[in-house]
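These are my notebook entries on a structure that was new to me. I wrote down what I looked up, one topic at a time.

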Amino acid sequence: MNPTDNESWPEFGRYFVGFVHKYQWYFFLLIITLVVLGFFIKKLAGDEWAWNRLQFLIDAYQEKVFKKFSDDPRHFHRVTLFQYQKFRWRLGTRPGRFENKLFHKIWPYKKESHPLSGWLVPVLRSGHTTQKASSVFLCNKDHAVAEGIAGMIFIRSGTTVTQPLPVPSQSAGKKEIKKYCTESSITIDRYYQMFRNGQPPPATIGGFPIEKNGKLWGVLVLDSTSETGVDTSSIDDYSILISLIGQILERT
């Protein structure tokens, strides 16, 4: 189309056609870019049907395994699905109250803790009131360094259930806090972060690795504020439900 082909066109029509005629190559590139971008966004988002079914399974798992705690707030007894991601933009582990803050300001990374170290990122969590999952755990397979029980499960590629952890009291001293952090494989800073977020430290934690198409994909973690909340039966008695998670993930 050429705006000079028909002088009887309205002025707006001539300007519009002229604009398109002049910049048509850029419009073509824009359309191609949007199509490619849309494809990758859909790929990253995964199959919506599959994620909805996974959320249903995780909610059902939480309701069954923590049935005896139905009167407690749901965030006291949770099921969280973590995905392993090689890259995660982080400034390294932030210093806790008893760590060297000056050195951290000079160099925020460690040899085994940097954005390309490998991380376990929460992608689904049980319950509509506990969906805000921000706990990202270090999981460096090259250095066999992991944070949290989630990281330990992934590194070991096996089911893990902790003994009741020594949850410190609100007036606990430095020694008690360090003992809890050591046994739960978390940093002191993360311990204080739980309190800032209104999440009481779990007394029992368990979980197992999740595979997708025969490859290690992530982990599913159960945590409870009760000393009897998570045990081996929390996993062994739900093997069929657990196997479905990996099968549905193959749709994403």
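Before counting anything, I fixed what pairing means here: two strands pair if DSSP finds at least two bridges between them. I also kept in mind that this is a predicted model.

Entry one, the sheet. With that rule I looked up E1 and E2, and found that six bridges join these two strands, which run antiparallel. One of the bridges sets Gln85 against its partner Trp119 in E2. On the E7 side, I noted that E1 and E7 pair through seven bridges, again in the antiparallel sense, and that Phe82 has Val219 in E7 as its bridge partner. I then asked how much of E1 is buried. Seven of its nine residues are, so E1 is largely enclosed by the rest of the structure.

Entry two, the order and the edges. Reading across the open sheet, I wrote down seven strands in the order E4-E3-E2-E1-E7-E6-E5, with antiparallel pairing. Strand E4 (145–146) and strand E5 (160–161) each have a single partner strand, so they stand at the edges and one side of each lacks a neighbour in the sheet. Strand E3, residues 137–140, is joined to E4 by two bridges and runs antiparallel to it, and here Asn140 stands opposite Val145 in E4.

Entry three, a helix on the sheet. I followed helix H2 (residues 48–65), which packs on the sheet and touches strands E1, E2, E6 and E7, its direction making about 85° with that of E2.

Entry four, two helices. I next looked up how H2 packs with helix H8 (residues 239–249), and recorded an angle of about 165° with the axes 10 Å apart. Since an angle over 145 degrees counts as roughly antiparallel, H2 is roughly antiparallel to H8. The crossing of H2 past H8 is left-handed. Among the residues that meet there are Trp51, Arg53 and Leu57 in H2, and Leu241, Ile245 and Leu249 in H8. Which classes do the residues of this contact fall into? I noted eleven nonpolar, no polar and one charged.

Entry five, one loop residue. I turned to Val230, which lies in the loop between E7 and helix H7 (233–236). Its relative accessibility is 3%, and because buried means under 20%, Val230 counts as buried. Leaving aside neighbours within four places in sequence, its contacts include Phe66, Val161, Ile205 and Leu222. I took a closer look at Phe66, since 164 residues separate it from Val230 in sequence, while the C-alpha to C-alpha distance is 8.4 Å.

Key
Residues numbered from 1 in each chain as written. Predicted model: local features only at pLDDT ≥ 70, side-chain atom pairs only at ≥ 80, totals over all residues. Heavy atoms only, no water. Contact = heavy atoms within 4.5 Å. Axes fitted to C-alpha atoms, helices over the stretch in contact; angles between N-to-C directions. Parallel < 35°, antiparallel > 145°, perpendicular 65-115°, else oblique. Left-handed = near helix turned anticlockwise from the far one by under 90°. Nonpolar A, V, L, I, M, F, W, Y, C, P; charged D, E, K, R; others polar. Buried < 20%, exposed > 50% of the residue type's maximum accessible area, 1.4 Å probe, protein only.
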